[in-house]
Amino acid sequence: MKTPRLEWFITVAETGSISKTADILFISQQSLSSYIKRLESHYSIVLFDRSKSFSLTPQGKALYDYSKRVLKRETELLEKYQEIHSGDAGRIRFGLSAARSQNLLPKVIPLFHEQYPNVMVPTTEMPTASLVKLLAQRDIDIYYGKDFDTPRGVEKEILLHEHLYLIITTRSLQRIYGTDASNIIARFQNGVWLQELTKFPFVGIDPTGKLDRPIDAYCHKQGIVLNNVVQANSTPLLIELCLKNLGAGLCLEAFLPQVLQSSLEHPDNRLNVFPVLDDITDWQVVLAYYPSDREPAYSAHFKSLIRNYARQAKG
């Protein structure tokens, strides 16, 4: 058997899901399942308890800990090779949210591989808190996403200030404004104030989320009461519920590509997108990493591509 692809196993162990791991690694679920079975056969052990949400067995936990140490040593070895050779091979462990990855990766990775085709860029897509923990543990090299409390030694660059947007279907607007809906759509193109939306039915975000809390605080301060008729536990679900004409929603720029894709899939009931004019709070997007005096050229180039991507997003 060839040397096991330990990153595949580690990612399955951390996500607890074959399907999620397959999406992250851009491979088929069948290939990943076959790999896990071959790995278990190779070591004559059972790595996962299938009856408990694909959790690690004691033998699986032992291999997981060992694999993490091996990959850490491998990273150090690659960095040494980078110093010795010309700098055209290596690995960048990149962490960002799933919402951001859908827009950023297709634009950045092809450009990066034009210059560094032999540099691997395994990506980890998790919520901000999980990614920050991985960064603090040096289990990812570069983080791109929402601002956070900086761990000791981490360098952070503010790249974007994200804005808030209102999304609502044309049918929902017609139900609220009747024949005047087309005029409202034209007027809202320049922006809308939350005070104008108090009679709208809203799909709210789970109030434990970082988006909903500042919105609630702002509305309370301004005396604005939004009519939340249903709650969603994620922005992708909020988009789907808005498409079902259950109400309007509020989302950040990072999710606009998903909104656009959903509208393309439902041309008979498209989602309108309007900028919110209220200065609610500052959602900063940052690039974070541990600085190094011996940073490989490919790592510096990857960061420059992300900075360029953010500059284009501003425009």
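**A friendly note on G95 and the enclosed cavity**

1. A good place to begin is G95, which sits in strand β4, a run covering residues 94–96. Please keep in mind that this is a predicted model.

2. Is G95 buried or exposed? G95 has a relative accessibility of 0%, and because buried means under 20%, G95 counts as buried.

3. Next, the surroundings of G95. Leaving aside residues up to four places away in sequence, G95 touches T124, L131, I140, I142, Y143 and Y144. For a longer view along the chain, look at V286: this residue is 191 residues apart from G95 in sequence, and the C-alpha atoms of the two are separated by 12 Å.

4. Now to the empty space inside the model. The count gives one cavity of 30 Å³ or more. The largest cavity holds about 350 Å³ of space.

5. Which elements give two or more residues to the lining of the largest cavity? They are α1 (6–15), α2 (18–25), α4 (58–84) and β6 (123–125). The most comes from α1, which supplies five residues to this lining.

6. If you would like to find the largest cavity on screen, its centre is a handy target: of the 21 lining residues, I10, E14, R93, T124 and D139 lie nearest to it. T124 may look familiar, as this residue is also among those that G95 touches.

7. Finally, the character of the lining. The residues around the largest cavity divide into eight nonpolar, eight charged and five polar.

Key. Residues numbered from 1 in each chain as written. Predicted model: local features only at pLDDT ≥ 70, side-chain atom pairs only at ≥ 80, totals over all residues. Heavy atoms only, no water. Helix = DSSP H or I, 4+ residues; strand = E, 2+ residues; numbered from the N terminus. Buried < 20%, exposed > 50% of the residue type's maximum accessible area, 1.4 Å probe, protein only. Contact = heavy atoms within 4.5 Å. 1 Å grid on protein atoms, 1.4 Å probe; cavity = no way out; pocket = protein on both sides within 12 Å on 5 of 7 lines; lining within 4 Å. Points joined across faces, edges and corners; volume = space filled by probe spheres on them. Nonpolar A, V, L, I, M, F, W, Y, C, P; charged D, E, K, R; others polar.
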